[in-house]
Amino acid sequence: MRTIIEPFRIKSVEPIRRTTHAEREEALELAHRNLFALHTDDVLIDLLTDSGTGAMSSEQWAGIMRGDETYAGAISFDRFQASVRDVTGFEHVIPTHQGRAAEHLLFGLVGGSGRTIPNNTHFDTTRANIEVQGGEACDLVPPEYLDPDTMLPFKGDMDTDRLRDVIKKNGAARIPLVMLTVTNNASGGQ
């Protein structure tokens, strides 16, 4: 037998309340089976999101201590901006505190009534940010990906034949962008 261990040491842990099956059932009933209405203390394992599930590295903890949070002209922002430009090649960098905030800004600019945003499978906050602007979130995941028992090496693709049909039906002018959620969280993630 070969033992595989993580190639890192955990730097921080947070205790969680262990719940029983009966407690979780009761919490779900009280929340009317709405996962967003559950209290964090009632969730033993959060399968709704992967946000905040990883421990920070020693360099990340050190970065907090070294961080320059000056209101204007912060060295931390300059380093961040340079890294993003280096990786993406984009001139403009607008940091946000979470992806849903970035989605809100993006779809406030390019979304709106009569606009269609195709994706393999929109994440729930992405869909909400598109639809609150009056747009249509169009899922184009290949049908076999919807079966959780189908074992495939990768489930982050898009049905490109259906994408062509959506572009033809709507016209390219009504589609400001095409998204691809490579991790495909809404279909079980990768």
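This passage walks through a pocket, a helix and a few loop residues of a predicted model.

We can begin with the second largest pocket, which holds about 360 Å³ of space. Its lining is made up of 13 residues, and those closest to the centre are Gly63, Ile64, Ser76, Arg79 and Phe80. As general background, empty space of this kind is found by rolling a probe the size of a water molecule over the atoms. Two helices, helix 2 (58-66) and helix 3 (75-88), each give at least two residues to the lining of this pocket. Helix 3 makes the largest contribution, with five residues. In terms of chemistry, the lining of the second largest pocket combines five nonpolar and five polar residues with three charged ones.

One of the residues closest to the centre of that pocket, Ile64, is also a contact of Met56. Met56 belongs to the loop between helix 1 and helix 2. With its neighbours within four places in sequence set aside, Met56 touches Lys11, Trp61 and Ile64. Met56 has a relative accessible area of 28% and is therefore classed as partly exposed, given that this class runs between 20% and 50%. Toward Ala22, 34 residues away in sequence, the C-alpha to C-alpha distance from Met56 is 33 Å.

The loop between helix 1 (21-30) and helix 2 also contains His32, and Arg33 lies in this loop as well. Both deserve a look at their backbone angles, because most residues other than glycine have a negative phi. His32, which is not a glycine, has a positive phi of about 55°. For Arg33, likewise a residue other than glycine, phi is positive and near 60°. What about their accessibility: is His32 buried or exposed? His32 counts as exposed, because its relative accessibility is 71% and the cut-off for this class is over 50%. Arg33, with a relative accessible area of 47%, is partly exposed.

Helix 4 comes next. This helix consists of 12 residues, 99-110, and at 1.5 Å a residue it should span 16 Å. The C-alpha atoms at its ends are 16 Å apart, so the expected and computed spans agree. Three residues of helix 4 are buried, namely Ala101, Glu103 and Phe107. They lie on the same side of helix 4, because the arc they cover around the axis is only 155°. In general, an α-helix has 3.6 residues a turn, so residues three or four places apart point the same way. The partners of the buried residues of helix 4 are strand 1 (116-119) and helix 5 (124-132), against which they pack. After helix 4 comes Gly112, with a positive phi near 125°.

Within helix 4, Ala101 has a relative accessible area of 19% and so is buried, the cut-off being under 20%. Ala101 is separated from Glu29 by 72 residues in sequence and, C-alpha to C-alpha, by 30 Å in space.

A final stop is Val141, placed in the loop between strand 2 (136-139) and helix 6 (160-170). Val141 counts as buried because its relative accessibility is 6%. Where does Arg162 lie with respect to Val141? The two residues are 21 residues apart along the chain, and their C-alpha atoms are separated by 9.0 Å.

Conventions. Residues numbered from 1 in each chain as written. Predicted model: local features only at pLDDT ≥ 70, side-chain atom pairs only at ≥ 80, totals over all residues. Heavy atoms only, no water. 1 Å grid on protein atoms, 1.4 Å probe; cavity = no way out; pocket = protein on both sides within 12 Å on 5 of 7 lines; lining within 4 Å. Points joined across faces, edges and corners; volume = space filled by probe spheres on them. Helix = DSSP H or I, 4+ residues; strand = E, 2+ residues; numbered from the N terminus. Nonpolar A, V, L, I, M, F, W, Y, C, P; charged D, E, K, R; others polar. Buried < 20%, exposed > 50% of the residue type's maximum accessible area, 1.4 Å probe, protein only. Expected span 1.5 Å × (residues − 1). Arc of directions from axis to C-beta. Contact = heavy atoms within 4.5 Å.
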